[in-house]
Each structure stands twice: as C-alpha cells, then as structure tokens.
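Reader: I'd like to go through the side chains in this model with you, starting with the charged ones. Let's put the picture up before I ask anything.

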Amino acid sequence: MLNRFRCGLAFLVSIGGLAHLQLQAQTSQFEGLNLHAGWGGISQTVFKSDMALLANPQTPVNSPAVSSSAPLINMGAGYNKALSDTFVLGVEFNISTRDSKHLSSMNYVGPYSLGSSIWNTNQYTVSLAPGVLLNPNTLIYAKYGLMKTTTMCTNDNAQPCSSNHLSGQNVGIGVKQLFQDSNNYLYVEGNKNQVFTTRLTTVTNPVQYSINGSTMNFVIGVGHHFH
C-alpha cells in the first residue's frame, strides 16, 4: 500500500511539473527581443497660455485649445521577461511619425493678436510594459513611460519660430495575438501622451508663452519575437 501511495504521489508531482513547464513554455513565447511596426491615427490637442510680447509687455492672453488629426506610422523594439507562468514585464522603445502637413492654426485675441501654426513631427517613447497571458497565444499589456516630441512652428508672417523638443509621459494599453505555430504576432494598442507644460520664446518679434497639450493614438500592426 505504501509503495502504491509513493507511486501515485510521484505521478502527481510529475504531472504538475509537466504542467508548470508547459505554462512556462507558453509564457516564453512572448519572451525575448521583439521588433514591430504599425499604422494608425493620431489626434492632437495643443494649448498656449500666458502669451506676452517681450518688446511691449501687456496683459498675457491665452489661446483656445486647438485639435488636429493625422495618419501615423509607428516602429519600435522591445524586450520581455517572464516573471511567472502568466506574467511578463517588458521594456519598449517606439518612434511615431505623423504627417507634418497637418497644421494646427492658433490665433490669439486680446490686447494684441498673433497667429501661428504648430505641429509635431517625430515622437519617441520609452515605456515599461507589464503584461498577463489571457491564453497561450494572447497577451494583454499596459504601458507607462516617458516621451520626447519635436514641435515645430511658423508665425503668421512666415517667419520661423524655434523648434523644440518637448518632454511628457506616455500611458497605454494593448493586446498581442500570436499567429498559429509562429513567432509572428498581430498587435493593437492605444496610447495617450501628455506634454509637460513648458515655457518657450519665439525667434522673431519675441513672444514668450507656455505650451502644453496631449495626443491620443490608435495603432494596429505586426511584430516578431526572437527567442
């Protein structure tokens, strides 16, 4: 009887070990380096405030918030590490390029008036991306990190403003779906990027102002895991 008990216990332990290895193998499908590329759309809202002409200081005025949208191309790389049978922790670097022809016109009213157009070109983000397996081929993940965006502008008199590299934060959520028997995957994600308020000065007819804003993007694309 004792021998039978020992044999049964050994059998259960072996089955549990195989199940653990299988789950670990499932998690490892999302481990390692990955490269990805996607296409989508971006919506941007920009707000300028406390604008004052430096040559003729007057009461600072604010501009209305201005929104614009454009197509978006996203490229990036990441690395995932399994923390358990169902959890992974990733680090991602992404470059998002939007169509810079989509300008946001910003006109001021108040003691004086001035118009300018402002737009973003490239945006860079570095994010932590914890994720959890929904099933062996599906990973849902969240993102939080820092961003840097290049903001360019022109004044209404066609004179250039200074181009700036503005900082902010990135939050997002997404899902990866592995293709059957493959290291390739389809991903869908949405992100919100918030620019930190920054004090800037234009080049010609010096005007000092504060700028902040946010963008929302939606991306669908494909990627590949290297194990």
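Reader: What relative accessibility does Lys81 have?
Author: Lys81 falls in the partly exposed class; buried means under 20% relative accessible area, exposed over 50%, and partly exposed in between (1.4 Å probe, protein chains only). Bear in mind that this is a predicted model, so local features need pLDDT of at least 70, side-chain atom pairs count only at pLDDT 80 or more, and totals for chains, interfaces and linings use all residues. Residues are numbered from 1 along each chain as its sequence is written, and side-chain values use heavy atoms, with hydrogens and water left out. For Lys81, the relative accessibility is 46%.

Reader: Which side chain does Lys81 meet in a salt bridge?
Author: Side chains of opposite charge can pair when their charged atoms come close. A salt bridge here is a side-chain nitrogen of Lys or Arg within 4 Å of a carboxyl oxygen of Asp or Glu. At 3.9 Å, N to O, the partner of Lys81 is Glu31.

Reader: How many residues apart are Lys81 and Glu31?
Author: Lys81 is in strand S2, whereas Glu31 is in the loop between helix H1 (2-28) and strand S1 (32-53). Helices (H or I, at least four residues) and strands (E, at least two) are DSSP runs, numbered from the N terminus. Glu31 counts as buried, at 18% relative accessibility. The pair links distant parts of the chain, 50 residues apart.

Reader: Which three residues are linked in a network of salt bridges?
Author: By this rule the count is 3 salt bridges. Lys143 meets Glu92 at 3.5 Å, N to O, and Lys143 also pairs with Glu189, where the closest N and O atoms are 3.0 Å apart. The network is made of Glu92, Lys143 and Glu189.

Reader: Why does the pair of Lys143 and Glu92 tie together separate parts of the sequence, and how many residues apart are those parts?
Author: It comes down to where the two sit: Lys143 lies in strand S6 and Glu92 in strand S3 (residues 87-98). Each counts as buried at 5%, Lys143 as well as Glu92. The pair therefore ties together parts of the sequence that are apart by 51 residues.

Reader: What relative accessible area does Glu189 have?
Author: Glu189 is found in strand S8 (residues 184-201), 46 residues from Lys143. Its contacts (heavy atoms within 4.5 Å), leaving aside neighbours within four places in sequence, include Glu92, Tyr141, Lys143 and Phe218. Glu189 is buried, with a relative accessible area of 4%.

Reader: Which face of S3 holds Glu92, covered or uncovered?
Author: In a regular strand the side chains alternate between the two faces of the sheet. One face of S3 has Phe87, Leu89, Val91, Phe93, Ile95 and Thr97, and this face is uncovered. Val88, Gly90, Asn94, Ser96 and Arg98 are on the other face along with Glu92, and that face is covered.

Reader: How many bridges join S2 to S3?
Author: The two strands form a hairpin with 4 residues between them, and they run antiparallel. Strands pair if DSSP finds at least two bridges between them. One bridge partnership is Leu72 with Arg98 in S3. The number of bridges joining S2 to S3 is 11.

Reader: On to the greasy part: which element gives the largest share of the largest nonpolar core?
Author: A nonpolar core is a set of buried Ala, Val, Leu, Ile, Met, Phe, Trp, Tyr and Cys residues joined through side-chain atoms within 4.5 Å. The largest one has 14 residues, and Phe30, Leu139 and Tyr187 touch the most other members. The elements giving two or more residues are strands S2 (66-82), S5 (115-135), S6 (138-155) and S8. With 3 residues, the largest share comes from S2.

Reader: How many residues are in the other core?
Author: In soluble globular proteins, nonpolar side chains tend to be buried together. Apart from the largest core lies another, with Val46, Val207, Tyr209 and Ile211 among its members. The number of residues in that other core is 9.

Reader: Last one: what share of the chain's residues is buried?
Author: The chain has 1 helix and 9 strands. It exposes about 11800 Å², with carbon and sulfur atoms supplying 66% of it (Shrake-Rupley method, 1.4 Å probe; for residues, only the protein chains shown count as cover). Of the 227 residues, the buried share is 41%.
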